[in-house]
Amino acid sequence: MAAATDPRDGADRRGTDAGFAGRRCAAIIGTGLIGQGWAIVFARKGWDVRLYDVNAAMLGEASALIRRQLDELQAHGLLQDAAAAAARIHVAGSLQDALKGASYIQENSPETREIKRSLFPLLDAAAEPDAIIGSSTSSIPASEFTEDLPGRHRCLVSHPVNPPYLIPVVELCPAPWTSADTMARARDIMRDIGQKPVSMTREIEGFILNRLQGALLHEAFRLAAAGIASAEDIDATVKDGLGLRWSFMGPFETIDLNAPGGIADYCGRYGGLYQSIGATQAESVAWEGALVDALSAERRRLLPDEDLTARRYWRDEQLMRLMRHKQSNGDEIG
């Protein structure tokens, strides 16, 4: 991360430590699925939460959906008092009301540069001087919408995984001018609310999660395009194979445990194989046309359109079960 050289990057940050300790208040700007998820994450850990959305209808709907998910978490033993968590969530009548007194702000606007470039100056101008401003963007670097802000040093990407109240990892990605203090405080806040922060050292397209996911998806599409296996069997290879280990350890720990002498031994044994495989994976298959039509047709045979919503609820219930299992084995989430 580059050292601050612009006067804006040395903005007054007096009282930030004391401010965080005394103001456990978060503003959630944008109340779609991700915004609702963030509200749950903060409220269940004792933070006061203020919701704001320019779409009043969406704002009203969000409150009901949040309460429903809080009740589901309690039903699965993942939350002790859904009513108390819900009582900590308040609808703000204006952007200024939402930001007043908040020590952390999470922006969840649509994934367009233009909207974020118009919104972030408003957030920076109205936020408390020591407040951190995080964006839930999954693809747009913070440098593309914060460069001209007086408070650009306190802006960063805080990219969650949907739904964040069940999948705890959060990618913290700085712009070149994001201060080290902001990164450290954001990491502390994420830990305080029970998330698992991953701190990046600099911007890169797709951050970490989508780059890893993209590598697997590209190979899945290549295998399908070549007719090597069906979509169902490719899914089964991950679901009933790789995914079982990946639910509790990452790729480096996996190979570290898969050879008698650890990761160095594994690389010595299998490095040549993976180099050979990698040489065949340089070309990306386009996700379009006949290939997508065939994959979509297979998925709809396995899961008709009318069952998609029910299957999403099923997915969340399985995540809750996994989350409870991990908690019972000492791996606390949320």
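Me: Which residues touch the most other members in the largest nonpolar core?

Reply: Keep in mind that this is a predicted model. A nonpolar core is a set of buried residues such as Leu, Val and Phe, joined through their side-chain atoms. In this structure the largest one has 35 residues, and those touching the most other members are Phe42, Val49, Leu51, Leu70, Leu73, Ile89 and Met190.

Me: Okay, and which elements give two or more residues to this core?

Reply: Quite a mix! On the strand side you have S1 (25-29), S2 (48-52) and S7 (169-174). The helices are H2, H3 (56-75), H4 (82-87), H8 (180-192) and H14 (308-328). H2 gives the most, with six residues.

Me: Can we zoom in on one member? What does Leu70 touch?

Reply: Leave out residues up to four places away in sequence, and Leu70 touches Ile40, Leu79, Ala82, Ala85, Ala86 and Ile89. Then look elsewhere in the model: apart from the largest core lies another one, of 27 residues, with Ala27, Leu95, Leu119 and Val157 among them.

Me: Now the rings. How many aromatic pairs are there?

Reply: A pair of aromatic rings is described by how far apart the centres are and by the angle of the planes. Here the count comes to seven aromatic pairs. One of them is Trp38 with Phe42, a tilted pair with 5.9 Å centre to centre and 40 degrees between the planes.

Me: Why are Trp38 and Phe42 separated by about one helical turn?

Reply: Because they sit four residues apart in helix H2 (residues 33-44).

Me: And is Trp38 buried or exposed?

Reply: Buried, since its relative accessible area is 0%. Phe42 is buried too, at 0% relative accessibility.

Me: What does the pair Tyr266 and Tyr270 look like?

Reply: That pair is tilted, with 4.7 Å centre to centre and 55 degrees between the planes. Tyr266 and Tyr270 are four residues apart in helix H12 (residues 262-278), so about one helical turn separates them. Check the accessibility of each ring's residue as well: Tyr266 counts as buried at 11%, whereas Tyr270 is partly exposed at 33%.

Me: Which residues form one aromatic cluster with Trp38?

Reply: Phe42, Trp47 and Tyr104 join Trp38 in one aromatic cluster. You've already met Phe42 in the list of core residues that touch the most other members.

Me: Last one: where does the charged end of Arg311 sit?

Reply: Over the ring of Trp314, 3.5 Å from the ring's centre. Find Arg311 in the model and look from its charged end towards Trp314.

How values were computed:
Residues numbered from 1 in each chain as written. Predicted model: local features only at pLDDT ≥ 70, side-chain atom pairs only at ≥ 80, totals over all residues. Heavy atoms only, no water. Phe/Tyr/Trp six-rings, centres within 6.5 Å; stacked < 30°, edge-to-face > 60°. Buried < 20%, exposed > 50% of the residue type's maximum accessible area, 1.4 Å probe, protein only. Lys NZ or Arg CZ within 6 Å of the ring centre and 35° of its normal. Core = buried A, V, L, I, M, F, W, Y, C linked by side-chain atoms within 4.5 Å. Contact = heavy atoms within 4.5 Å.
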